[in-house]
Protein chains: 2
Amino acid sequence: MSKEKILTAAKEEFAEFGLSGARVSRIAEKAGINKAMLFYYFSSKENLYKSVLRQTILGLMSQIKKILTPDLKASEFFEKMPEIYINYFSKNKDFIKIMGRELINDGKHYKAIIRETLEEDGRLTPSGIKELINKWIKNGEIKEESQFNMMMNIVSLSLFSFIGKPIAENILDINIKEDEIFYKNRIESISNLLKRGMLK
Amino acid sequence: MSKEKILTAAKEEFAEFGLSGARVSRIAEKAGINKAMLFYYFSSKENLYKSVLRQTILGLMSQIKKILTPDLKASEFFEKMPEIYINYFSKNKDFIKIMGRELINDGKHYKAIIRETLEEDGRLTPSGIKELINKWIKNGEIKEESQFNMMMNIVSLSLFSFIGKPIAENILDINIKEDEIFYKNRIESISNLLKRGMLK
DNA sequence: TTTATTATTAACCATTCGGTTAAACTAATT
DNA sequence: AATTAGTTTAACCGAATGGTTAATAATAAA
């Protein structure tokens, strides 16, 4: 019970302030537990951070696994990936913040967690996705493009819909509410761009 | 002289550790000055951060200004924007890190600086860009799309080429060297995607 | 040369931080 | 009732941290 309360409070805290900005005492306060409990269960601030990050990453991975079937078509991929990403991010605002900070800090913890996870669970393997993309290229479903650039485009467009929003807003001097319509538009725009730009 | 040395060292420090992770003593050490000098010139850590952020943002804005002429064509826009962004980011690695962290922290300082800058210098106005995009829609140069989604797509694809790289690498289990070829490929891929996806 | 202003320094400081400790409480087992 | 293992707490701690101070050096103006 306490362990769960700590994890929940820590996720909030790390999302808002980052690893170095987060305060152990504040996490304890939010969780309604004694600060010593935090060290009792997680032994250090950094260790608590790793636990939060692991939970966060696994949450998204389980979503992506659902769509990655061997018979997936490229067009479906370009529709479903943005949909899953945007929907997940809109409902888990902490994810973007924690993950963004982690990536800027060279993603050292992120990489370690992915490595562990792949060892435990062989289903979502890199080679599986590679095979899928190669198949689409051979089938003539998509324009020839490096696998890497293709993944970069998908991930960039989805993830950055949240982080990059203030920039686009400032350039155009507008203020976009982050509501259902915003999410729907963003999914559609990304999906269309990917399909027009990458399908044959 | 000292002021400049402090700014340079601070930029490095804030990029690597963020506002809360940065250490004033470390900045002073890097700059080769006494810590008190830092407070003598900038009065507080946060104030120093704002100065660094302002310098950083103005550096990019001056690049973008160069291409934004009233007779710019949409196809040129889709070619030059990724080129400017990617080239600038590849040569100013600190920019991405500072800006990324700032945006995740809700971009409060960023917004304030943009507001000031627009008041001082009317050349790069939001209305100017809006007019350009509206013209392209009327001319039939680009597919109808909200201005906002269009800017989001451009900014996302460019900015995230750096932050999102570890994710794409992990999904495909590859390691991409960040060299001239990488930058060239990324510019081409983004530019092609934008042109195929948004030009009529 | 004197005066006023700007730069620079070493030493200092209050506060906050992550982390520890030792004792006490709780609840199931024997 | 005694033992055991897991849980919880208040009080404590040394090391940093951002920031200050008061004295001094360098420079320019009078």
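**Where chains A and B meet**

Trainee: How many salt bridges cross the interface of chain B and chain A?

Mentor: The rule finds 2 of them there. A salt bridge here is a side-chain nitrogen of Lys or Arg within 4 Å of a carboxyl oxygen of Asp or Glu.

Trainee: OK, and what sort of model is this?

Mentor: It's a predicted model: local features need pLDDT of at least 70, side-chain atom pairs count only at pLDDT 80 or more, totals for chains, interfaces and linings use all residues, and side-chain values use heavy atoms, with hydrogens and water left out. Residues are numbered from 1 along each chain as its sequence is written, while chains are lettered from A and ligands numbered from 1 in the order in which they are written.

Trainee: Back to the bridges. Which residue does Lys97(A) pair with?

Mentor: Its partner is Asp106(B), and the closest N and O atoms of the two are 3.4 Å apart.

Trainee: Which helices of chain B supply at least two residues each to the side that touches chain A?

Mentor: Helix H1 (2-21) does, and so do H6 (93-104), H7 (108-120), H8 (126-139), H9 (147-163), H10 (165-172) and H11 (180-198). Helices are DSSP runs of H or I, at least four residues, numbered from the N terminus.

Trainee: Which one gives the largest share?

Mentor: H9(B), with 13 residues. On that side of chain B, 30 residues are nonpolar, 14 polar and 13 charged.

Trainee: How many residues does each chain bring to the contact?

Mentor: Chain A brings 57 residues, and chain B brings 57 residues. Contact means heavy atoms within 4.5 Å.

Trainee: And how much area gets buried between them?

Mentor: About 5200 Å², with 68% of it on carbon and sulfur atoms. That's accessible area (1.4 Å probe) lost on putting the two together, summed over both.

Trainee: Which three residues of chain B supply more of its buried area than any other three?

Mentor: Ile104(B), Phe148(B) and Leu172(B), which supply 14% of what chain B buries against chain A.

Trainee: Switching topic: how many salt bridges are there over all chains?

Mentor: The count comes to 16. One of them joins Lys30(A) to Glu13(A), where the closest N and O atoms are 2.7 Å apart.

Trainee: Why does that pair tie together parts that are apart in sequence?

Mentor: Because Lys30(A) lies in helix H2 (residues 24-31) of chain A and Glu13(A) lies in helix H1 of chain A, the pair links parts that are 17 residues apart in sequence.

Methods:
Ala, Val, Leu, Ile, Met, Phe, Trp, Tyr, Cys and Pro count as nonpolar, Asp, Glu, Lys and Arg as charged, and the others, Gly among them, as polar.
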